[in-house]
Amino acid sequence: MDSSIDIYRNSIENYSIDIHFMTQNTPFGSPLGTNTKSQANRLQSGLQNIEQVNLCRVLSRAQKFILQEIARKILKQMQIRTTKNHPEGYKTFVHRVNYCLRCRIDSKKGVGVRINEERGTAHYDNLQRCGSVWTCAPCSGEITEVRKIELKQGIDNWRKKSGHVYLVTLTNRHHFGDDLGDLLKGQQKALVKLWGQRAVKEMLATLGYVGRITATEVTWSFDNGWHPHFHLLVFFDHEINAQGLQTFMANEWRNACRKAGLKLPSMERGVDVRDGTYADQYVAKWGLEHELTKGHVKKGRGESLTPFDLLRQYPESPELFGDLFREFADTFKGKRQLVWTKGLKELLAVDEKTDEEIIFETEKESILINELAGEIWELLVKYQQRAEYLEAIEKDYADNGDRAYQLVLKLANFYAKEIEENLA
Ligand SMILES: [Zn+2]
């Protein structure tokens, strides 16, 4: 529908989200609008704290929709899917981010617009969600915020029981040009080997080990290519010697890497064990929301890029970053981001919640204030105004304005004019 997406660079003074998407013909110029710019200037002159929080939230949402548009543009692979109702099969996108917050669940109904009265935040209803923490910024943002609270809660609960937690990072040697799929497969194999080794099991038992949470991450850099790695929060029932564990684990990790056919990490760099304060810092920075607040800081050529950084850099070099993101998305599809060992959630008194439950849960605590007819929704999608419409709804809700209506009217007029010009 919007094959004519064009990207251009622009910067908002002092709040530089430096990628803007726009359709070739847009009634607005920038999807973030001049509004955001004037807000950014007001930020300088000193906003009330609450307004700043709101502004950051609005900007973060706008960024997430922009990143989703870019991901969708890159992930165009199709597959044939067969179901009971379609035994002959039909064509779908491999990556469901293409449908997320875009296609309706029930096509006979309109798109609901709901508001959480307490928070004054708006969202859509009756739209498909992809639930991908890897490729979809809106889904990733929602899921990782809840997961982060769970991590924090788990650590707090464990400490209340006089328990201890350590941050363990496992890496292995990698080079530019290494295949991401091979690296990840090898590392996962090594990880299974590591925890299965008899010496490791015996050592952990003597140290009072109770369980671990494994977070899989990947970055990419011009110097070294793909760098998948693991951060683990490891729980013990009493204090341990971090340096001692590191020395022991370094040797065992090398053994595990050897068995998995990976390039061996050095004794010094393969394993890093840190105490609880580092575990806290790691959790505080974990998740997409934190990444987005840092996202406007432009990264240099030597720095590591996260997958969402690849999307941000996409306009600079679409072919390079598009190919990298596609490779990442294909490799990580269906992989879990956080894995808790069996029984740990129960021990740390943390709820078992699926990604889907997280995404659809927020909608329960809200009221329906509008239902957009399919045609109007298509306009918001076509002109990439999904985030802007929510912002207008939130402002209208606060002061009884008619911004949302005016926005739709403007789009409708613009669309009518476009058709007229095409016919002429
Ligand atoms: Zn999604």
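## Overview

A helix is here a DSSP run of H or I that holds at least four residues, and helices are numbered from the N terminus. The model described below is a predicted one. The protein contains 15 helices and twelve strands, and 34% of its 424 residues count as buried. Among the contacts that join residues at least 6 apart in sequence, 70% are between residues at least 24 apart.

## Helix H14 and the residue after it

Helix H14 covers residues 386-399. Its 14 residues reach 21 Å from the first C-alpha to the last, which is close to the 20 Å expected at 1.5 Å a residue. H14 is mostly covered, since ten of its 14 residues are buried. These buried residues include the charged-letter names Arg386, Glu388, Glu391, Glu394 and Asp396, together with Ala387, Tyr389, Leu390, Ala392 and Ile393. Just after H14 comes Asn400, which takes a positive phi of about 65 degrees.

## Helix H15 and its two faces

Helix H15 is made of 21 residues, 403-423, and at 1.5 Å a residue these should span 30 Å; the C-alpha atoms at its ends are 30 Å apart, so the two values agree. Which residues of H15 are buried? They are Ala404, Leu407 and Leu411. Seen down the axis of H15, the buried residues fall within an arc of 60 degrees, and therefore they line one face of the helix. A general rule helps in reading such a pattern: an α-helix has 3.6 residues a turn, so residues three or four places apart point the same way.

The buried residues of H15 are covered by parts of the protein that include helix H13 (374-382) and helix H14 (386-399). On the face of H15 turned away from its buried side lie exposed residues, namely Gln406, Leu409, Asn413, Ala416, Lys417, Glu420 and Leu423.

## Helices H4 and H6

Two packed helices are described by the angle between their axes and by the distance between the axes. Helix H4 (residues 180-196) and helix H6 (residues 242-259) pack at an angle of about 130 degrees, and their axes are 8 Å apart. Angles that are neither under 35 degrees, nor over 145, nor from 65 to 115 count as oblique, and H4 and H6 are therefore oblique to each other.

The crossing of H4 and H6 is right-handed. On the side of H4 the contact is made by Ala190, Lys193 and Leu194, while H6 contributes Glu252, Trp253, Ala256, Cys257 and Lys259.

Note on methods: Residues are numbered from 1 along each chain as its sequence is written. This is a predicted model: local features need pLDDT of at least 70, side-chain atom pairs count only at pLDDT 80 or more; totals for chains, interfaces and linings use all residues. Helices (H or I, at least four residues) and strands (E, at least two) are DSSP runs, numbered from the N terminus. The expected span of a helix is 1.5 Å times one less than its number of residues. A residue is buried if 20 or more other C-beta atoms lie within 10 Å of its own, exposed if 12 or fewer, and partly exposed in between; C-beta atoms are placed from the backbone. The arc is that of the directions from the helix axis to the C-beta atoms. Two residues are in contact if their C-beta atoms, placed from the backbone, lie within 7 Å. Axes are lines fitted to C-alpha atoms, for helices over the stretch in contact, and angles run from 0 to 180 degrees between N-to-C directions. A crossing is left-handed if the near helix is turned anticlockwise from the far one by less than a right angle, and right-handed if clockwise.
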